[in-house]
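User: Please take a close look at one part of this model and explain it step by step. Where the account needs other parts for context, bring them in.

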Amino acid sequence: MRIRRCAVAWLEPREVADFELDDLLSGGTGVVGRLCWFAHAPHLPAPVQVDAAHAPLLGALGAVDWIARDALDARFGSEAVDALLAAGLLLARPDDGDESALADARFRSQGWHPPAAVAHMAARWEGIDGPRGMAEQDLDTNEGLLRQHGAPPPHALPAANPAADLALPRIERDDFDALLDTRATCRNYDTTASVPLATFSQLLARVFGARGIGHPAPGFDVYKRTSPSGGALHPTECWLILQRVDGIAPGLYRYRIDTHALEPVTPGIAAPQPGDAGTQVPGDAGSRAWTPAELRAFARIAVAGQDFFADAPVLCILAPRFHRNFWKYRNHAKAYRVAVLDVGHLSQTLQLCATQAGLGPFVTGAINEVDIERAFGVVGYAQSPIVVCGFGQRAATMTTSEFDPNRKVWPRE
């Protein structure tokens with residue numbers, strides 16, 4: 001057998017706390033910490049614990065050349081080789097049927113900068129209920145944050161020499177300023193109201209649609225959107241959770257920039273139930289249409305338990321196809337940053353367009369990426385959500401606090 005190391009492996013020393021009864025009985029707290037090593041490899045679904053004695057083998061083996069296993073057995077021992085093969089950190093050739101090697105080969109084809117790949121995959125959530133977790137820590141209020149962390153950093157650092165500051169002329173406010181002032185994150189949606197089909201179509205066209213197309217080289221098409229994109233590549237797709245849009249059946253969809261159409265997506269997960277924190281596969285995936293309660297349960301999972309966002313009629317999941325960007329910026333230290341910026345541009349354009357249409361928008365990065373990927377049938381290193389946005393008709397009354405200090409959205413009574 002010929003083997004090699006996976007493309008990317010980053011070792012993390014991590015303190016792990018365990019409960020030990022003997023420590024408690026001897027007068028201790030019962031909680032004993034120990035140092036463990038975890039290997040982060042983007043082609044694997046999660047970090048894997050590694051025996052410290054096996055770490056030198058990872059450092060001695062390259063990620064390019066295939067070498068005979070016998071030499072490694074003789075140097076490090078067959079037990080270490082077997083353990084790292086089982087963990088997916090050492091790989092047999094893909095044509096030997098090694099699933100980890102096949103996943104590693106697919107990862108290599110994407111063109112990731114290794115540190116960015118580790119950071120992206122390690123930061124993804126699964127089954128997280130954010131508001132519940134914060135409430136348990138008393139961090140869901142400003143008082144709890146101030147009590148635990150003290151005052152936040154100031155909104156602006158003091159001037160080194162205030163006398164040298166140059167005052168700028170006062171601006172004349174116009175209609176665009178008024179639009180900007182009314183852009184506020186919506187946390188109160190009318191759960192009985194639907195988005196008109198024409199409004200929905202206009203918003204998708206304005207934010208995600210093609211405003212023009214170019215052909216800089218044979219086989220290479222570039223689209224123009226209303227938001228900028230590195231290299232004019234526009235790698236970000238819009239997946240949709242549609243709960244209430246006139247004339248469209250509730251469900252999961254993918255927006256097609258090439259045809260300004262919706263592609264129905266068959267969920268790759270069992271129908272979520274109200275109260276679920278995460279998703280399961282495969283269950284009854286694709287066997288029937290989800291009920292409104294099941295679709296809302298998935299929306300809640302997608303936004304990590306933020307019920308006020310899960311009530312939106314339309315949720316837009318912004319998910320770059322990384323190879324579209326990395327095709328040009330291969331193994332580039334800035335490529336992932338550009339992909340994240342791409343999502344930021346689109347989300348802000350959506351906020352303004354939805355506000356102009358008289359709807360309440362939101363955007364959140366507190367999302368369960370793994371659960372969303374599972375539902376839409378993608379692998380996190382190939383395509384992954386960065387944020388979830390949404391929009392819809394605001395409720396008549398504000399029950400969940402919104403940041404509207406100038407009372408442009410919620411006038412004082």
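Analyst: By the rule that a disulfide is a pair of cysteine sulfur atoms within 2.5 Å, the count of disulfides is 0. Cysteine 186 is in none, as the nearest cysteine sulfur, that of cysteine 389, is 13 Å away. With a relative accessible area of 0%, cysteine 186 is buried (buried means under 20% relative accessible area, exposed over 50%, and partly exposed in between, with a 1.4 Å probe and protein chains only). Cysteine 353 is in no disulfide either, and its nearest cysteine sulfur, at 11 Å, belongs to cysteine 316. Cysteine 353 also counts as buried, because its relative accessibility is 14%.

The model is predicted, so local features need pLDDT of at least 70 and side-chain atom pairs count only at pLDDT 80 or more, while totals for chains, interfaces and linings use all residues. Residues are numbered from 1 along each chain as its sequence is written, and side-chain values use heavy atoms, with hydrogens and water left out.

Some context for the whole protein comes next. The secondary structure comes to 15 helices and 14 strands; these are DSSP runs numbered from the N terminus, where a helix (H or I) has at least four residues and a strand (E) at least two. Buried residues make up 42% of the 413 residues. The C-alpha trace spans about 80 × 70 × 60 Å along its principal axes.

The part for the close look is strand 9, which covers residues 236–242. Of its 7 residues, 7 are buried, so strand 9 is largely enclosed by the rest of the structure. Its side chains point two ways: Thr236, Cys238, Leu240 and Leu242 go one way, and Glu237, Trp239 and Ile241 go the other. Both groups are buried.

Strand 9 has pairing with two other strands to describe, and two strands pair if DSSP finds at least two bridges between them. With strand 12 (residues 314–320), strand 9 pairs in the antiparallel sense over 7 bridges. In this pairing, tryptophan 239 has isoleucine 317 of strand 12 as its bridge partner. With strand 10, the pairing is again antiparallel, over 4 bridges. Here leucine 242 stands opposite glycine 251.

The loop that leads into strand 9 starts after strand 8 (220–224), and histidine 234 is found in it. Histidine 234 has a positive phi of about 45 degrees, although it is not a glycine. Most residues other than glycine have a negative phi. Histidine 234 counts as buried because its relative accessibility is 12%. A second histidine can be set beside it. Histidine 260 lies in the loop between strand 10 (251–256) and strand 11 (261–264), and its phi is positive too, at about 50 degrees. Its relative accessible area is 37%, so histidine 260 is partly exposed.

An open sheet elsewhere in the chain gives another case of antiparallel pairing. It has 3 strands in the order 2-3-4. Strand 2 (10–19) and strand 4 (48–50) stand at the edges with a single partner strand each, so one side of each has no neighbour in the sheet. The twist from one strand to the next averages 50 degrees (axes are lines fitted to C-alpha atoms, for helices over the stretch in contact, and angles run from 0 to 180 degrees between N-to-C directions). Strand 2 is joined to strand 3 by 10 bridges, and arginine 14 has cysteine 36 in strand 3 as its bridge partner. Strand 3 (residues 31–40) is joined to strand 4 by 3 bridges, with alanine 39 opposite valine 48.

Last comes a piece of the surface. Phe19, Leu21, Leu24 and Leu25 form a nonpolar patch there, with about 450 Å² of accessible area together. Helix 1 (residues 21–25) supplies the largest share of this patch, 3 residues. One residue of helix 1 is leucine 21, which counts as partly exposed because its relative accessibility is 49%. Patches are made of residues with over 30% relative accessible area and no salt bridge, joining like charges within 9 Å and nonpolar side chains (Val, Leu, Ile, Met, Phe, Trp, Tyr) within 5 Å. A salt bridge is a side-chain nitrogen of Lys or Arg within 4 Å of a carboxyl oxygen of Asp or Glu. Accessible areas come from the Shrake-Rupley method with a 1.4 Å probe, and for residues only the protein chains shown count as cover.
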